[in-house]
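Please read the points below with the model open beside you, and look up each residue as it is named. The notes are written for someone who is new to reading structures.

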Amino acid sequence: MATKKQQPLTGKELLKTVKKLGNVSREVKAIECGYYTLTDNGQKRVSMVKFLNALIEAEGINLDNETAIDSKKRGRSANFRINVQSNGNLSIGKAYTDKMGLKPGDEFEVVLGRKNIHLRQLTD
């Protein structure tokens with residue numbers, strides 16, 4: 001007897017489930033969250049693009065060229081690129097900290113990679 005395919009998860013429920021699944025492959029996460037189709041012979045075919053797009057949307061990231069309410073304010077818009085300043089510092093800028101809801105005093109751990117820098121927010 002065939003079981004009914006679940007509706008794909010979205011929003012907070014999707015994020016919660018992905019986090020709960022931990023270190024399993026992203027294909028398994030996609031299937032567990034309902035992002036697959038069944039072939040004629042009953043095999044599951046992962047809908048990875050739909051899954052990744054749902055994750056991006058659940059995180060509140062807008063990749064479309066739609067004008068956001070915040071972008072109507074005066075000033076430069078965030079373009080997700082920064083340069084090293086003449087004194088050697090990197091400044092992320094208010095547009096990014098506002099978008100993430102950061103407040104003065106929030107702390108981060110700096111993790112250096114071979115060609116990248118990751119910031120991990122420290123939680124209490």
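1. In this predicted model, the strands β3 and β4 run antiparallel and are joined by five bridges. A hairpin of four residues leads from β3 to β4, and within this pairing E109 has R120 in β4 as its bridge partner.

2. R120 deserves a second look, since R120 is found in strand β4 and, leaving out residues up to four places away in sequence, touches E107, F108, E109 and V111. One of these residues, E107, is 13 residues from R120 along the chain, yet the C-alpha atoms of the two are separated by 8.5 Å. Is R120 buried, partly exposed or exposed? With a relative accessible area of 47%, R120 counts as partly exposed, because the value falls between the 20% limit for buried and the 50% limit for exposed residues.

3. The strands of the hairpin also take part in a surface feature, a nonpolar patch formed by I82, V84, L90, I92, V110, L112, I117 and L119, which together have about 760 Å² of accessible area. Both β3, residues 108–112, and β4, residues 117–121, supply at least two residues each to the nonpolar patch. Another member of the patch, V84, lies in the loop between α3 and α4, and V84 is exposed because its relative accessible area is 57%, which is over the 50% limit. As a general background to this point, nonpolar side chains in soluble globular proteins tend to be buried together.

4. Which residues make up the largest nonpolar core? There are nine of them, namely L14, V18, A30, C33, Y35, M48, F51, A54 and L55. Helices α1, residues 11–21, and α3 each supply at least two residues of this core, and α3 gives the most, with four residues. A54, one of the core residues, is in contact with L14 and Y35 when residues up to four places away in sequence are not counted.

5. S47 is placed in the loop between β2, residues 44–46, and α3. This serine is buried, because its relative accessible area of 15% is under the 20% limit. Apart from its neighbours within four places in sequence, S47 is in contact with Y35, Y36 and T37.

6. How many salt bridges are counted in the model? The count comes to two, and they may be taken in turn. In the salt bridge between the side chains of E13 and K16, the N to O distance is 4.0 Å; E13 and K16 both lie in helix α1, three residues apart, which is about one turn of the helix. E13 is partly exposed at 38% relative accessibility, whereas K16 is exposed at 55%.

7. The other salt bridge joins the side chains of D98 and K94, with an N to O distance of 2.9 Å. D98 and K94 are separated by about one helical turn, because they are four residues apart in helix α4. D98 counts as partly exposed at 47% relative accessibility, while K94, with a relative accessible area of 59%, is exposed.

Conventions: Residues are numbered from 1 along each chain as its sequence is written. This is a predicted model: local features need pLDDT of at least 70, side-chain atom pairs count only at pLDDT 80 or more; totals for chains, interfaces and linings use all residues. Side-chain values use heavy atoms; hydrogens and water are left out. Patches are made of residues with over 30% relative accessible area and no salt bridge: like charges are joined within 9 Å, nonpolar side chains (Val, Leu, Ile, Met, Phe, Trp, Tyr) within 5 Å. Accessible areas come from the Shrake-Rupley method with a 1.4 Å probe; for residues, only the protein chains shown count as cover. Buried means under 20% relative accessible area, exposed over 50%, partly exposed in between (1.4 Å probe, protein chains only). Two strands pair if DSSP finds at least two bridges between them. Contact means heavy atoms within 4.5 Å. A nonpolar core is a set of buried Ala, Val, Leu, Ile, Met, Phe, Trp, Tyr and Cys residues joined through side-chain atoms within 4.5 Å.
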